[in-house]
Amino acid sequence: MGKQFSSILPEYKEFIQRQHIFFVGSAPVSETGHVNISPKGYNSFRILSDHKVAYLDLSGSGNETSAHIIENGRVTIMFCAFEGEPCVLRLFGTGTVVLPNTKRWNELYPLFNPLPGARQIIVVDVHMVQHSCGFGVPFMTYTSEREKLKDVAIQMGEEALKKYAYEKNLESIDGLPTAFALNKNNMT
């Protein structure tokens with residue numbers, strides 16, 4: 001078992017800021033529901049405090065994390081070192097979904113580099129940080145971000161992306177509502 005902490009220590013903040021990718025894990029309450037793990041990149045992660053983090057979530061084909069957070073709040077974020085000293089760092093917490101055109105969005109969005117296709121911000125109140133060895137993680141070298149997701153978002157345009165999210169991202173693969181489904185009547 002790894003070492004556990006109640007907050008994000010300074011050395012872990014530095015580690016997080018050096019990573020090019022992180023993984024988000026969430027799951028429904030149902031035993032037959034699907035556990036979701038999503039890779040994220042594009043320098044979209046921010047540390048807000050020793051106990052709070054956020055990431056800018058981009059439009060995609062699914063919206064499992066939003067649905068799981070709406071249902072039960074549980075979310076885990078994992079970083080692992082592909083370069084340098086081995087390390088796996090997990091942030092366990094409770095998430096909230098922040099949608100565009102809200103007061104909270106207007107407070108948080110300026111913390112991120114603007115990215116085409118930004119659909120929501122996931123904020124996580126971290127209650128436990130776990131560090132483990134990472135000895136089994138292979139060495140890999142970062143070369144660049146894939147541009148395809150951004151290119152598609154630019155090609156579609158803001159209005160088409162918003163329509164896509166409110167039509168295609170309303171529920172999880174298990175039929176759980178996302179923040180878009182709960183906010184559909186407030187769509188602007």
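## Strand E8 and its partners

Strand E7 (residues 88-98) runs antiparallel to strand E8, and the two are joined by 11 bridges. One residue pair shows where they meet: Arg90 has Gln130 in E8 as its bridge partner. The structure described here is a predicted model.

Strand E8 spans residues 118-132, and 11 of its 15 residues are buried, so that the strand is mostly covered. E7 is joined to E8 by bridges, and so are two further strands described here. Strand E5 (residues 52-58) is antiparallel to E8 and linked to it by 7 bridges. In this pairing, Val53 is matched with Val124 of E8. Strand E1 (residues 3-5) also runs antiparallel to E8, with 3 bridges between them. Here Phe5 has Val129 in E8 as its bridge partner. In a regular strand, side chains point in alternation to one face of the sheet and then to the other.

## A salt bridge between E5 and E8

The structure contains 7 salt bridges. One of them is formed by Asp57 and Arg119, whose closest N and O atoms are 2.7 Å apart. The two residues belong to distant parts of the chain: Asp57 is in strand E5 and Arg119 is in strand E8, 62 residues apart. E5 and E8 are also the strands joined by 7 bridges, and the salt bridge is a contact between side chains of those strands.

Are Asp57 and Arg119 buried or exposed? Both residues are buried. The salt bridge between them is part of a network that links Lys40, Asp57 and Arg119. In general, side chains of opposite charge can pair when their charged atoms come close.

## Salt bridges within helices

Other salt bridges lie within a single helix. The side chains of Glu107 and Arg104 meet in a salt bridge, with an N to O distance of 3.1 Å. Both residues are in helix H3 (residues 103-108), and because they are 3 residues apart, about one helical turn separates them. Glu107 has a relative accessibility of 40% and counts as partly exposed. Arg104 is partly exposed too, with a relative accessible area of 33%.

Helix H5 (residues 158-168) holds a pair of this kind, Lys163 and Glu167. Their closest N and O atoms are 3.9 Å apart, and this counts as a salt bridge because the cut-off is 4 Å. Lys163 and Glu167 are 4 residues apart, so they too are separated by about one helical turn. Glu167 is partly exposed, with a relative accessible area of 49%; the label is not "exposed" because that word requires over 50%.

## Aromatic pairs

Across the whole structure there are 7 aromatic pairs. One of them joins Phe22 and Phe79, with ring centres 5.7 Å apart and an angle of 35 degrees between the planes, which makes the pair tilted. Phe22 lies in strand E2 (residues 22-26) and Phe79 in strand E6 (residues 74-80), so the pair ties together parts of the chain that are 57 residues apart in sequence.

Where do these two rings stand in terms of accessibility? Phe22 is buried, at 3% relative accessibility. Phe79 is also buried, with a relative accessible area of 1%. Both residues belong to one aromatic cluster, which is formed by Phe22, Phe45, Tyr55 and Phe79.

Notes:
Residues numbered from 1 in each chain as written. Predicted model: local features only at pLDDT ≥ 70, side-chain atom pairs only at ≥ 80, totals over all residues. Heavy atoms only, no water. Buried < 20%, exposed > 50% of the residue type's maximum accessible area, 1.4 Å probe, protein only. Pairing = 2+ DSSP bridges. Phe/Tyr/Trp six-rings, centres within 6.5 Å; stacked < 30°, edge-to-face > 60°.
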